[in-house]
Amino acid sequence: MALLELKNVSLIYHSHDGETEAVSDVSLEVGEGEFVAIVGPSGCGKTTLLGMIAGLIPPSGGEVLVKGKPVSEARNMTSLMPQRDQLFEWRSVFRNVTLGPEIKRNKDKEICAYADELLSKYGLSEFRKKRPSELSGGMRQRAALIRTLVTRPELLLLDEPFSALDFQTRLTVCDDVESIIRKENKTAVLVTHDISEAISMSDKVVVLSARPATVKKVYDITLDKNIPPLKRREQKSFPVYFRSIWKDMEAPHE
Amino acid sequence: MSEEHKQYLKKQKIRKIVIRIIQIGILILLFGLWELSAYLEWADPFITSSPSRVVKSIANLYTSGQLFTHLGATLWETVISFLLSTVLGTAIAVILWWSETARRVLEPYLIVLNSLPKVALGPLIIIWVGAGRSAIVTMALMICLIITVISALTGFMSVDEEKIQLMRSMGANKFQILIKLILPANIPNILSILKINVGLSWVGTIMGEYLVSREGIGYLLVYGSQVFKLDLVMASTLMLCVLATAMYLVVALIEKLISRFY
């Protein structure tokens, strides 16, 4: 059984000027341990789709199932990493990464120990008591990822998590995040408008059409997963994927 | 430390001292000119008073035992209205943040109340709450409250939507979002509202004392001008300057202390 299943999901926005169809009949499956990237032209409703998977937006039609259960009952199984790190400046790094358990009221010794383990594993233990402003951009992103991992989610949802970083940091953080997710053996859905990022990080790329978003094509990425994403960009089939996906996104909307 | 850096630090220090000297110099110069002009009768000291007359006037108030009654009354009214307006204003802003319906319903009322010069309500306040201290506090409250509500609410509403979404994705309820995100994110904003409210509550209190009072600095100002005791008016004005500044400094100190832990 797939870990995440989207069955004919659609979403219609209602506003004063009428209704807009943002997502139309999207069906998708993500297997356990898979890293899936969703790409599409800007404004196509990628983030909306992720919002529905996170259970933040109820779909107008269709079903979102996590481990066979409707997402509204599976809140504890997903964890969201937002576009900007959104670390709370008034909290220490440790209190930031344990925000999730604190809200779920299960911040016990075991969880705190796990948070500390992740912090030291990914080189942040000496910043445990520091404020986020004392961290570099890459370290902030790592802290944000640890915050997503602390609740031991089945499914990570990454909403363009690198878009606020400068290009150089972006490439290194990309490697960083990818390796952490693979090491922790997590299933992840990444939404991005960056085609190279999608190809280099994921097992599967889902291309969405312009609004209303539908699944236009799904690519199985056969690059070597044992080397870091930055290196994967040098592999032979990388530009082939790139050109093909680029064409899909460029093609006028029928 | 390099020689260059030492030089730099020394320069900065000298600059700081020079500025302080000029500041004090201006003060001495102003008071000196004021005293001199009265002494040489360039200006009529009956109209302009003079520093020595002001000091005498304050001494008189002190020996007659009235000084602290007046200062105490005004200070009490100001502090009460400052605290009340900050607490009430923030609480109302929380309610408006919580309920979009309440916010939208009350928006035009807030705009009208904010545009209205609150002094105009003076006569009504006197009739409704009586000509006493409560009228003065009400006046000051009117002046501070609406602006507190509006600025606090603006701060609450401008918290990054993505942060709220993040909390919601963790399963946070509205109360948790308020306590763990909206309020802590707004501590700097609320601190700056405190500073504005210090000034406004003084305006409100003095305004209130103009309308109704038997004691207080506002009372002294009105009384002094009616009986043409300009020494008393000047003395009251100067005492007001000192008190208002002192209260501002206290709030600024509190802000500094809080932002260290924040």
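The paragraphs below walk through the cores, a helix, a sheet, the chain contact and a few backbone details of this predicted model.

The interior is a good place to begin. The largest nonpolar core has 99 residues. Those with the most contacts inside this core are Ile38(A), Val39(A), Ile53(A), Leu157(A), Val189(A) and Val205(A). The element that gives the most to the core, however, belongs to chain B: helix α7(B), residues 133-157, supplies 15 residues. Apart from this core lies another, made of 16 residues, among them Tyr219(B), Leu221(B), Leu230(B) and Leu232(B).

Val39(A) offers a handy viewpoint on the surroundings within chain A. Leaving aside residues up to four places away in sequence, Val39(A) touches Thr192(A), His193(A), Ile195(A), Ala198(A), Val205(A), Val207(A), Leu208(A) and Ile245(A). One of these partners, Ile245(A), is also among the buried residues of helix α9(A), which is considered next.

Helix α9(A) spans residues 238-250, 13 residues in all. From its first C-alpha to its last, the helix reaches 18 Å, close to the 18 Å expected at 1.5 Å a residue. Its buried residues are Tyr241(A), Ile245(A) and Met249(A). Because these residues cover an arc of only 60° around the axis, they sit on the same side of α9(A). The spacing fits a general rule: an α-helix has 3.6 residues a turn, so residues three or four places apart point the same way. On the other side of α9(A), the exposed residues are Val240(A), Arg243(A), Lys247(A) and Glu250(A). The buried residues of α9(A) pack against four elements of chain A, namely β3 (35-39), α7 (195-201), β9 (204-208) and β10 (215-220).

Chain A also holds an open sheet of four strands, with the order β2-β1-β4-β5 and antiparallel pairing. Its edge strands are β2(A), residues 18-30, and β5(A), residues 69-70, each of which pairs on one side only. Strand β1(A), residues 4-15, is joined to β2(A) by nine bridges, and the two run antiparallel. A hairpin of two residues makes the connection from β1(A) to β2(A), and within this pair Val9(A) has Val26(A) as its bridge partner. Strand β1(A) is also linked to β4(A), here through five bridges and again in antiparallel fashion; Ser10(A) stands opposite Gly61(A) of β4(A). Moving on toward the other edge, strand β4(A), residues 61-66, is joined to β5(A) by two bridges, once more antiparallel. Here Leu65(A) has Pro70(A) in β5(A) as its bridge partner.

Where the two chains meet, the contact takes 13 residues from chain A and 14 residues from chain B. On the chain A side, the largest share comes from helix α3(A), residues 99-104, which provides four residues. By class, the side of chain A that touches chain B comprises seven nonpolar, three polar and three charged residues.

Several backbone details are worth a look on screen. In chain A, the peptide bond from Arg211(A) to Pro212(A) is cis, with omega near -5°. Pro212(A) lies in the loop between β9 and β10 of chain A, two of the elements against which the buried residues of α9(A) pack.

Two residues that are not glycines show a positive phi, one in each chain. In chain A, Arg152(A) has a phi of about 50° and is located in the loop between α5 (137-149) and β7 (155-159). Arg152(A) counts as partly exposed because it has 14 C-beta neighbours inside 10 Å. In chain B, Ser49(B) has a phi of about 55° and belongs to the loop between α2 (45-48) and α3 (51-63). Ser49(B), in turn, has 24 C-beta neighbours inside 10 Å and therefore counts as buried.

Finally, Lys180(B) is part of helix α9(B), residues 174-185. Lys180(B) has 19 C-beta neighbours inside 10 Å, so it counts as partly exposed; the cut-off for a buried residue is 20 or more. The C-alpha atoms of Lys180(B) and Met167(B) are separated by 9.2 Å, with these positions 13 residues apart along the chain counted as their separation.

Terms used
Residues are numbered from 1 along each chain as its sequence is written. Chains are lettered from A and ligands numbered from 1 in the order in which they are written. This is a predicted model: local features need pLDDT of at least 70, side-chain atom pairs count only at pLDDT 80 or more; totals for chains, interfaces and linings use all residues. A nonpolar core is a set of buried Ala, Val, Leu, Ile, Met, Phe, Trp, Tyr and Cys residues joined through C-beta atoms within 7 Å. A residue is buried if 20 or more other C-beta atoms lie within 10 Å of its own, exposed if 12 or fewer, and partly exposed in between; C-beta atoms are placed from the backbone. Two residues are in contact if their C-beta atoms, placed from the backbone, lie within 7 Å. The expected span of a helix is 1.5 Å times one less than its number of residues. The arc is that of the directions from the helix axis to the C-beta atoms. Ala, Val, Leu, Ile, Met, Phe, Trp, Tyr, Cys and Pro count as nonpolar, Asp, Glu, Lys and Arg as charged, and the others, Gly among them, as polar. Two strands pair if DSSP finds at least two bridges between them.
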